[in-house]
Amino acid sequence: MNSTATQSTSRRRTALQPGMLRAALLDRLTRALGKDQQTATLRDYYDALSLAVREELTLRWLATQQRVARARVKRVCYLSVEYLPGRSLLNALSSLDGDFVQEARDVLREMGKDLDDVAAQEVDPGLGNGGLGRLAACFLDSLATLQYPAVGYGIRYDYGIFTQVIDAEGGQREVASSWLSLRNVWETPRGNVRYTVRFGGRSVPTTDDDGRGRHSWVDTRNIYAIGFDQLIPGNRGPTVNHLRLWSGRGIMPFHIEAFNAGDYAAAVQEQIDAKNLSRVLYPDDSTPQGRELRFKQQYFFVSASLQDILATHMHEGRPLRTLPESVALQLNDTHPTLAIPELMRLLVDEHEIPWVEAWQMTRKIFSYTNHTLLPEALETWFVSFFERLLPRHLEIIYLINKDFLAQVAQKYPGDVDRQQAMSIIAEGHERRVRMSHLAVIGSHCVNGVAKLHSDLMRKTIFAPFAEMFPERFTNVTNGIASRRWLKQSNIGLSALLTEHLGSAWENDLEEIDRLSAAADDPEFRRRFRLIKHFNKQRLADEILRRTGLSVDVDTLFDVQVKRIHEYKRQLLNLLYVVSRYDRIRDNPSLDIVPRTVIFAGKAAPGYAMAKAVIRLINNVATVIDQDPLVRSKLRVVFLPDYDVSLAQKIMPAANLSEQISTAGMEASGTGNMKLALNGALTVGTLDGANIEIRDRVGADNIFIFGLTAGEVAAQRARGYAPSEFIEADADLKRALNLIASGHFSRDRAEEARGIVDRLRGDGEQFLVCADFAAYAAAQEQVDTLFRQSDEWSRKAVINCLSMGSFSSDRSIREYADRIWSIRPVI
């Protein structure tokens, strides 16, 4: 028998087939964990089941790698400092052919266990903070499902994003994440995947044997980057890709001489310093040490990733000069931009490719996704950091900038102001490297993530670049993975769709467009309402478990769940809540739609205003809960420690989706898509992807309010004065005064006044007061419609069935066709 036949026979013999899960679980329980059913804990059952499923995925991963290597096709490598993959067990079971989720449920029930309880033993990986990381995870899911050859690269943060705890005063407290405190069954340590990452030292010009100038980077301080792989299965298909995460290790982890001399700290200092690079996501950058650690983190990640990419390329026997035809590298925001000078260093210094040719290769390989127009997200790094930590990369950046500015001068002779505006180096008291400029200059394609965002990107932050290189800029609207956000999160709705459409919608969400007439089917709407009610009860149970609050599932579930930031305007929502509270308190018999207003999200540790908003939300919630006249008509809930698993319970339960950012400031948003797909109606500004959602669902099926991006710009240009709007709106004025009085924050009245002072201050950046009246009017429309239960359901169904184009599969096809030039490997 030939080797191929032998592999095929082995594959058939060892593959996990329907009906085999019980035997596989018991085998791993006894052989791998040394337990039996009498002594096994829920965690043991979780580990055993996960091992059985992971082994099946590993077989598929090996087959995928072999298939891709034989095909010698182009891969995409996705570089992101954030990933929010969510829990793996149910996702992996759901991805397999056959109903393994139900089989696992049945097998565990026979053993006296519940699958949901077993799956809950898994802790969400704390590898991301918000939409950026969740988008990256959705894209990896789509790449595998669509069978594109792909690898994700990131950092294996030991503690990731912090665990959010709400203290007795309602404030956020950060606690180290425990996601790696127990064995992570889903990762594969790759001890042989180890690369040296260098810092410091100096760049020395040299001459090679042919008299050509070279540079050597010498006297560096080195650490190891060790790879850990997380498998990424495609849905109901053979492809399993991987996410490779890097962990820092010391070259010499333990210095016995120092230990024997009694200097115990020095004995392990090298290991501590190396591990610090992969301790936490986004170290607090309010200190010089924190800023330096972030800078080193970013280089550590891209250096290891590029070394791995080149090693894979050359291991497959491909000439280095074919790299642009073999690899596409996507920069997910500016954080991985150091990959551009690092690839130039590797090509020019390590592999002796001439500068001009290396630059042509680099630009063909890289593309850059911009995710925000906010100045604080457009990273700049001190030149002094480069001088001290990456001296050779600074030389490379200077050369890139010199060549680029020569192009600018040639195209726009004498326009010195344009050269300064477009330069990679920002001159000033302390010179900085503009990473977004480097990303644009070093990439062949730059994309925004919603039509409005891409248009504003061209007209504002990158206007001179778009004028010089109009063909370089494009749009790819974000999307979401229907497998995670519908199939796994909303089992009842998924079953209803499958009953009418079959399962094809799982891998082609646009299939749901065929069901659009169901919005006018009374029986479909009735079942849709029942599913929503079930999901609301599930969320109510979670709210009770986490907060001790009992909420009424017949109230309108009004949801704003996202990172806490002033531009996302949780304060606008809260001001309306306070106004509603004030009206009910003045007239307890007021005929008003009962609401449960649900907030969730984390604030950056150094963002004082965002943390003050969290405390105020919780203080308002407490006061309302203590008022028996109000709480039957209004409740406020802040759900702590928002993550993917919590989102999977919130999204299917929401009636109303709050997407109320200041117009022109939200790049896209994907929470808006997840909530609409699960049948929530949106109240929102014309910002980000809200515009495209409105175009798809119809203006009559969404509550749009407020200033447009152009009107926001005009308000700012003429000098925004909140007092004009406050004096013209009695409800707004009363709400602000009530907060400022300390009514909700008796022990922190000064902090509450500080929030109100910010909103009242001339030039307040986010125009909360300017949009309040329009927002309140939109909320009145919400109340009116919610009283018409069947009509609300009709519009909710329309929203759900109009989301087909907001799939991450569609996004990935656009990237693959228009930016990466890759094709599936079947």
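This report describes helix α9 and the enclosed and open spaces of a predicted model.

**Helix α9**

Helix α9 comprises the 13 residues 264–276. At 1.5 Å a residue, a helix of this length should span 18 Å, and the end C-alpha atoms of α9 are 18 Å apart, which agrees. The helix nevertheless contains a kink of about 40°, centred on Glu270. Next to this residue in the sequence stands Gln271, which is buried in α9, as are Ala267 and Ala274. The cover over the buried residues of α9 includes strand β8 (221–233), strand β9 (240–250) and helix α8 (256–260). Two of these covering elements, β8 and β9, appear again below.

**Cavities and a pocket**

Rolling a probe the size of a water molecule over the atoms shows where empty space is left. In this model, the count comes to 9 cavities of 30 Å³ or more. The table gives the volume and the lining of the two largest cavities and of the second largest pocket.

| Space | Volume | Lining residues by class |
|---|---|---|
| Largest cavity | about 230 Å³ | 12 nonpolar, 4 polar, 4 charged |
| Second largest cavity | about 90 Å³ | 8 nonpolar, 2 polar, 4 charged |
| Second largest pocket | about 530 Å³ | 10 nonpolar, 7 polar, 7 charged |

The largest cavity is lined by 20 residues, and those nearest its centre are Pro85, Asn91, Ile232, Pro233 and Arg484. The elements that contribute two or more residues to this lining are α4 (89–95), α7 (131–145) and β8. Strand β8 thus takes part both in lining the largest cavity and in covering the buried residues of α9.

The second largest cavity holds about 90 Å³ of space. Its lining consists of 14 residues, of which His565, Glu566, Arg569, Leu571 and Val768 are the closest to its centre. Helices α23 (570–586), α24 (608–625) and α31 (749–760) each supply two or more residues to the lining of this cavity. Of the elements concerned, α24 gives the most, with 3 residues.

The second largest pocket holds about 530 Å³ of space. Among its 24 lining residues, Gln65, Arg244, Thr312, His315 and Glu316 lie closest to the centre. Two or more residues of the lining come from each of α3 (42–71), β1 (75–79), β2 (150–155), β5 (187–199), β9 and α10 (288–315). Helix α10 provides the largest share, 6 residues. Strand β9 contributes to this pocket and is also included in the cover over the buried residues of α9.

Conventions
Residues are numbered from 1 along each chain as its sequence is written. This is a predicted model: local features need pLDDT of at least 70, side-chain atom pairs count only at pLDDT 80 or more; totals for chains, interfaces and linings use all residues. Side-chain values use heavy atoms; hydrogens and water are left out. Helices (H or I, at least four residues) and strands (E, at least two) are DSSP runs, numbered from the N terminus. The expected span of a helix is 1.5 Å times one less than its number of residues. The bend at a residue is the angle between axes fitted to the seven residues ending there and the seven starting there. Buried means under 20% relative accessible area, exposed over 50%, partly exposed in between (1.4 Å probe, protein chains only). Contact means heavy atoms within 4.5 Å. On a 1 Å grid over the protein atoms alone, a cavity is a set of points where a 1.4 Å probe fits but cannot get out, and a pocket is an open set with protein on both sides within 12 Å along at least five of seven lines; lining residues have an atom within 4 Å of a point. Grid points are joined across faces, edges and corners, and a volume is the space filled by probe spheres set on the points. Ala, Val, Leu, Ile, Met, Phe, Trp, Tyr, Cys and Pro count as nonpolar, Asp, Glu, Lys and Arg as charged, and the others, Gly among them, as polar.
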